[in-house]
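Please open the model in your viewer and keep the sequence beside it, so that each selection below can be followed in turn.

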Amino acid sequence: MKKIFFAANILLALSLVSCNQKAEPKAETAAPATEPKKMEVKLSDLSSNKDYVCGMPLEEGGIADTASYEGKLYGFCASECKAEFQKNPSSHLAQK
Ligand SMILES: [Zn+2]
């Protein structure tokens, strides 16, 4: 009985190892898929070339995300900035 249990443990350990080996290349292929997430946003499409949350000037190709507010489009350097903006857009726009 003990022997069977021991063998089962080895099998379990082996399957865990093979599982880990399978997971690694999967993670590698997943990385490039998320990379071209940068949006093709033109600065001219935005109502301002400034990130109103962190105050950073935005550059073409460096716009990570956008949000529209009162019919205007605003760009952000990061999705975190967008999230912050959406919490209270008017207060961010007020502090120029
Ligand atoms: Zn920002």
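In the protein chain, where is confidence lowest, and where is it highest? With pLDDT, the predictor's confidence in each residue from 0 to 100, as the colouring, select helix H1 (residues 2–34), where the mean is lowest at 61, and then H2, where the mean is highest at 97. This is a predicted model, in which local features need pLDDT of at least 70 and side-chain atom pairs count only at pLDDT 80 or more, while totals for chains, interfaces and linings use all residues. Residues are numbered from 1 along each chain as its sequence is written. The protein chain averages a pLDDT of 80, and 66% of its residues score at least 70.

Next, show the whole chain as a cartoon, where 3 helices and 2 strands appear in the order α-β-β-α-α along the sequence; helices (H or I, at least four residues) and strands (E, at least two) are DSSP runs, numbered from the N terminus.

Now select strand E1 (residues 65–69) together with E2, which run antiparallel and are joined by 5 bridges, where pairing requires that DSSP finds at least two bridges between two strands. Alanine 67 stands opposite tyrosine 74 in E2, and in the turn of this hairpin, which has 2 residues between its strands, glutamate 70 has a positive phi of about 50 degrees.

Finally, select Tyr52, Val53, Leu58, Ile63, Tyr74, Phe76, Cys77, Cys81 and Phe85, the 9 residues of the largest nonpolar core. Strand E2 (72–76) and helix H2 (79–87) each supply at least two residues of this core. Such a core is a set of buried Ala, Val, Leu, Ile, Met, Phe, Trp, Tyr and Cys residues joined through C-beta atoms within 7 Å, and a residue is buried if 20 or more other C-beta atoms, placed from the backbone, lie within 10 Å of its own.

How values were computed
A residue is buried if 20 or more other C-beta atoms lie within 10 Å of its own, exposed if 12 or fewer, and partly exposed in between; C-beta atoms are placed from the backbone.
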